[in-house]
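Student: I have a structure open and some terms to test. Can we go through them one by one?

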Amino acid sequence: MRKVAINTPSKSYDVFIEAGLRREIGRRMDDVLVQPASSVLIISDSVVAPLYLDDVKNSFSGLAVHTAVITAGEASKSFAVYEQLLTKALEAGLDRKSVIVALGGGVVGDIAGFVAATFMRGIRFIQVPTTLLAHDSSVGGKVAINHPLGKNMVGSFHQPEAVFYDTEVLYSLSEREWRSGFAEVMKHGLIRKPSFLTWLQTTVSSLEKIPVEVLDELLEQSIAVKAEIVAEDEREAGVRAYLNLGHTLGHALETKLGYGKLTHGEAVVIGIVFAMRLSTKLCGLSANVDDYEKWFQSLGYETKIPAHLQADELIETMMKDKKTEGGTIRMVLLRSIGEATTMAVSSAEIKQFLVERAEVD
């Protein structure tokens with residue numbers, strides 16, 4: 001079993017990586033909890049639950065285990081579903097010693113974590129990610145739901161007790177879901193670890209079937225980058241903002257197109273290419289962005305902003321981003337591969353660059 005330690009000012013915990021781990025959640029949870037759970041609520045979604053909910057539920061013995069299944073997809077990160085889950089927790093009689101288990105991808109992890117963060121002012125939860133994308137979102141304690149005007153605008157910081165990552169379940173994902181998660185993997189190399197990025201470029205030429213030994217190494221290295229950054233800056237007062245590379249435009253694309261039209265990772269890759277090109281203009285990035293764009297495209301990514309989206313409407317949405325301050329948009333840019341920075345960029349300058357890129361593309 002591979003293990004990555006996450007150390008933050010508020011809590012230290014581990015990410016466990018091993019095939020078949022979903023069948024051992026109950027026993028493993030007892031090992032990581034300081035105080036035994038009084039009951040458990042497993043929150044999953046309509047895609048994951050038929051595949052893996054029984055495996056996780058059956059791993060518990062001698063404990064009241066309740067389940068809640070939400071509709072799969074980004075649209076479920078809503079106030080309505082959040083309220084439904086709180087109602088389920090109350091009806092199930094959860095108390096301050098109960099534990100919520102998030103079994104699913106990033107959507108389930110985000111909303112289940114937010115339920116845990118706010119139910120009775122905060123109870124414990126466990127992340128059991130089932131997608132490649134969730135290797136990023138399950139670590140670091142960011143939990144949230146969406147508002148119609150912006151993604152992840154209502155949320156909290158609430159660290160899990162542990163993350164149990166069963167790599168076996170990833171092989172049931174579609175190639176599109178692999179692309180969504182691999183975007184965050186590449187991001188970690190771009191902002192902090194060039195050697196990891198080079199390894200990815202030479203090792204991963206297709207997302208159709210990544211060998212398990214490559215997947216295990218990929219996850220361990222990528223999560224280690226996230227762990228390092230979260231340890232330095234738990235609540236995004238500094239370097240943790242670098243994890244938002246590509247996300248400012250990416251979130252705007254998701255919002256304008258409607259949640260689910262682009263996967264999160266697909267939107268982020270478009271945002272990364274945009275941020276890299278902006279970095280060549282504002283930060284002196286010398287990397288050949290065309291080469292990176294070709295690599296992204298070879299893995300099946302769309303790298304251009306959809307032509308029907310206008311610069312004005314994207315700017316309007318980006319201005320509602322949490323990272324907007326005083327009328328300027330704080331963009332994550334690259335001084336070099338592996339060296340990220342944040343920069344306040346005026347909406348007028350970003351609009352001009354969006355228009356210029358639309359003309360080129």
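Student: How many residues does helix H4 have, and what span does it reach from its first C-alpha to its last?

Tutor: This is a predicted model. In it, H4 covers residues 106–118, which is 13 residues. The helix reaches 18 Å, close to the 18 Å expected at 1.5 Å a residue.

Student: What makes H4 largely enclosed by the rest of the structure?

Tutor: Buried means under 20% relative accessible area. Twelve of the 13 residues of H4 are buried, so the helix is largely enclosed. Among them are Gly106, Asp110 and Phe114.

Student: Why is the contact of Glu254 with Lys151 called a salt bridge?

Tutor: The cut-off is 4 Å between a side-chain nitrogen of Lys or Arg and a carboxyl oxygen of Asp or Glu. Here the closest N and O atoms are 3.6 Å apart. That is within 4 Å, so the name fits.

Student: What parts does this pair tie together?

Tutor: Glu254 lies in helix H9 and Lys151 in strand S8, so the pair ties together parts 103 residues apart in sequence.

Student: Is Glu254 buried or exposed?

Tutor: Its relative accessible area is 2%, so Glu254 is buried. Lys151 is at 6%, so Lys151 counts as buried too.

Student: Why does Arg27 count as partly exposed?

Tutor: Partly exposed lies between the 20% and 50% cut-offs. Arg27 has 46% relative accessibility, so that label applies. The side chain of Arg27 meets that of Glu24 in a salt bridge, at 2.8 Å from N to O. Glu24, at 24%, also counts as partly exposed.

Methods. Residues are numbered from 1 along each chain as its sequence is written. This is a predicted model: local features need pLDDT of at least 70, side-chain atom pairs count only at pLDDT 80 or more; totals for chains, interfaces and linings use all residues. Side-chain values use heavy atoms; hydrogens and water are left out. Helices (H or I, at least four residues) and strands (E, at least two) are DSSP runs, numbered from the N terminus. The expected span of a helix is 1.5 Å times one less than its number of residues. Buried means under 20% relative accessible area, exposed over 50%, partly exposed in between (1.4 Å probe, protein chains only).
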